[in-house]
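Student: Can you walk me through this model? I have the coordinates open and will ask as we go.

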2 protein chains.
Amino acid sequence: MAIDHLDGRIIVLLAREPRIGVLEMSRRLGVARGTVQARLDRLQSNGVIRGFGPQVDPAALGYPVTAFATLQIRQGQGADVRAHLATVPEVLELHTTTGTGDMMCRLVARSNADLQRVIDLVVGFDGIVRASTAIVMENPVPLRIIPLVEQAAEDRANS
Amino acid sequence: MAIDHLDGRIIVLLAREPRIGVLEMSRRLGVARGTVQARLDRLQSNGVIRGFGPQVDPAALGYPVTAFATLQIRQGQGADVRAHLATVPEVLELHTTTGTGDMMCRLVARSNADLQRVIDLVVGFDGIVRASTAIVMENPVPLRIIPLVEQAAEDRANS
DNA sequence: CGTTCACTGGGCAATATGACCAGTGCAGTG
DNA sequence: CACTGCACTGGTCATATTGCCCAGTGAACG
């Protein structure tokens, strides 16, 4: 569960240069190849590393508009709404939350006009009472994991 | 910019089985290896595929709590706030948005109690007027891209 | 003290990689 | 119509990497 310093270095190295391979990694980290391999296997079976899927940029796919929608759900309709939203490709992720809304989802669209279509698609479902949408203008900090990994490795080292 | 059907199949295949390699892909898709290689190169230089970084699960790292925070910023302090948030490892991403808040960020924490520490860290900064936080309970649709890629490939085919 | 465990450093065959090449079918252009 | 550029095919080649094996070492632990 907790990762040590070497694990941290492996993940960070992999995040920075995903294509380098186990052998090159072992060279850079100054450890035996088998060690890196064993660590990687462990990290993957631990679930710390879920996989190495391609990181696709929706903007480059023709979906440059991102928005977050907060949804209020009619009591007892949660499961239906989830199933509904799972069928909409423009819904990139969905969370159930505490707070003013019941759910929060990330949407993408081809344009601001197209966002209207997507929102209609999302909201035009019986169990959804109300939706409030925030359009993303800029993304100063793109989804990242390196700082957290470094901190987790540090915490482990200091304990 | 737009992707065709083969591009779509490459991305989906890669998303499902990231480790398979170009040769195996060409076998499965029934095209020559050089073709897959050329397509991949093109997708990467297009920016459609940003990379193949490891997908790290914060929960497995010891950060099982996720939250979204909506921030209101004092006029003109935007840049300072961004710089501040970029230094907090628990801030996994940050967006500037329209709507009631000025910014929206995704946070993780070691526990609900630890979330308080993270929020204090985030909010304890001069330019931030107010923050409202929604804790994630469940994640019915984890961040995904396959349905969108398939739709983008379809759209291209039909045009 | 003995055992277990992770790591080292090495060797092996099998495989994938990047780099080429000539040939082919197709779409668009003059 | 002929020409040209382009993407794809199917093949080769040398090189690098992979997955797998092994014995030996050092540290932690009961």
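**The barrel and its surroundings**

Tutor: A hairpin is a convenient place to start: β4(B) and β5(B) form one with five residues between the strands, and Gly99(B) in that hairpin has a positive phi near 100°. Keep in mind that this is a predicted model.

Student: How many bridges hold β4(B) and β5(B) together, and in which sense do they pair?

Tutor: Five bridges, and the pairing of β4(B) and β5(B) is antiparallel. Thr96(B) has Met103(B) in β5(B) as its bridge partner, and Val91(B) stands opposite Leu107(B) in β5(B).

Student: Which residue of β5(B) is the bridge partner of Leu71(B)?

Tutor: Met103(B). Leu71(B) brings in strand β3 (residues 65-73) of chain B, which pairs with β5(B) in the antiparallel sense over seven bridges.

Student: And how many bridges are there between β3(B) and β6(B)?

Tutor: β3(B) and β6(B) pair over seven bridges, in the antiparallel sense. One register point there is Phe68(B), whose bridge partner in β6(B) is Ala134(B).

Student: What joins β4(B) to chain A?

Tutor: Strand β6 (residues 128-141) of chain A, which runs antiparallel to β4(B) and is joined to it by three bridges. Val141(A) has Leu94(B) in β4(B) as its bridge partner.

Student: What does the whole sheet look like, strand by strand?

Tutor: It is a closed barrel of eight strands with antiparallel pairing, in the order β3(A)-β5(A)-β4(A)-β6(B)-β3(B)-β5(B)-β4(B)-β6(A). On average, neighbouring strands of this sheet are turned by 40° against each other, direction ignored.

Student: Is β5(B) buried or exposed?

Tutor: β5(B) is largely enclosed by the rest of the structure, because six of its seven residues are buried. β4(B) is also largely enclosed, because six of its seven residues are buried.

Student: Back to the two chains. How many residues does the contact take from each?

Tutor: The contact takes 62 residues from chain B and 62 residues from chain A. On the side of chain B that touches chain A, the elements giving two or more residues are α1, β1 (49-51), β2 (55-56), α4 (78-86), β4 (91-97), β5 (103-109), β6 (128-141) and α6 (146-158).

Student: Which one gives the most?

Tutor: β6(B), with nine residues on the side of chain B that touches chain A. By residue type, that side of chain B divides into 38 nonpolar, 15 polar and nine charged.

Student: Where does β1(B) pair with chain A?

Tutor: With strand β2 (residues 55-56) of chain A: two bridges join it to β1(B), and the two run antiparallel. Gln55(A) has Gly51(B) in β1(B) as its bridge partner.

Student: Switching to the DNA. Which residues surround strand C?

Tutor: From chain A, DNA strand C has Val31(A), Ala32(A), Gly34(A), Thr35(A), Ala38(A) and Arg39(A) around it; from chain B, Gly21(B), Val22(B), Leu23(B), Glu24(B), Gly34(B) and Gln37(B). α3 (33-46) of chain A, along with α2 (21-29) and α3 of chain B, each supply at least two residues of that surface. The surface near DNA strand C divides into five nonpolar, five polar and two charged residues.

Student: And which residues are around strand D?

Tutor: Around DNA strand D are Gly21(A), Val22(A), Leu23(A), Glu24(A) and Gly34(A), together with Leu6(B), Val31(B), Ala32(B), Gly34(B), Thr35(B), Ala38(B) and Arg39(B). α2 (21-29) of chain A and α3 of chain B each supply at least two residues of the surface near DNA strand D. Its residues divide into six nonpolar, four polar and two charged.

Student: At what angle do α1 and α3 of chain B pack?

Tutor: About 85°, with the axes of helix α1 (residues 5-16) and helix α3 (residues 33-46) of chain B 11 Å apart. That makes α1(B) roughly perpendicular to α3(B).

Student: Which residues meet there?

Tutor: Leu6(B), Asp7(B) and Ile10(B) in α1(B) meet Val36(B), Arg39(B), Leu40(B) and Leu43(B) in α3(B). The contact of α1(B) with α3(B) divides into five nonpolar, no polar and two charged residues.

Student: Last one, Gln44(A). Where is it found?

Tutor: In helix α3 of chain A. Gln44(A) has 14 other C-beta atoms within 10 Å, so it is partly exposed. Its C-alpha atom is separated by 32 Å from that of Ala69(A), 25 residues apart along the chain.

Definitions and conventions
Residues numbered from 1 in each chain as written. Chains lettered and ligands numbered in written order. Predicted model: local features only at pLDDT ≥ 70, side-chain atom pairs only at ≥ 80, totals over all residues. Axes fitted to C-alpha atoms, helices over the stretch in contact; angles between N-to-C directions. Helix = DSSP H or I, 4+ residues; strand = E, 2+ residues; numbered from the N terminus. Parallel < 35°, antiparallel > 145°, perpendicular 65-115°, else oblique. Contact = placed C-beta atoms within 7 Å. Nonpolar A, V, L, I, M, F, W, Y, C, P; charged D, E, K, R; others polar. Near = placed C-beta within 6 Å. Buried ≥ 20, exposed ≤ 12 C-beta atoms within 10 Å, placed from the backbone. Pairing = 2+ DSSP bridges.
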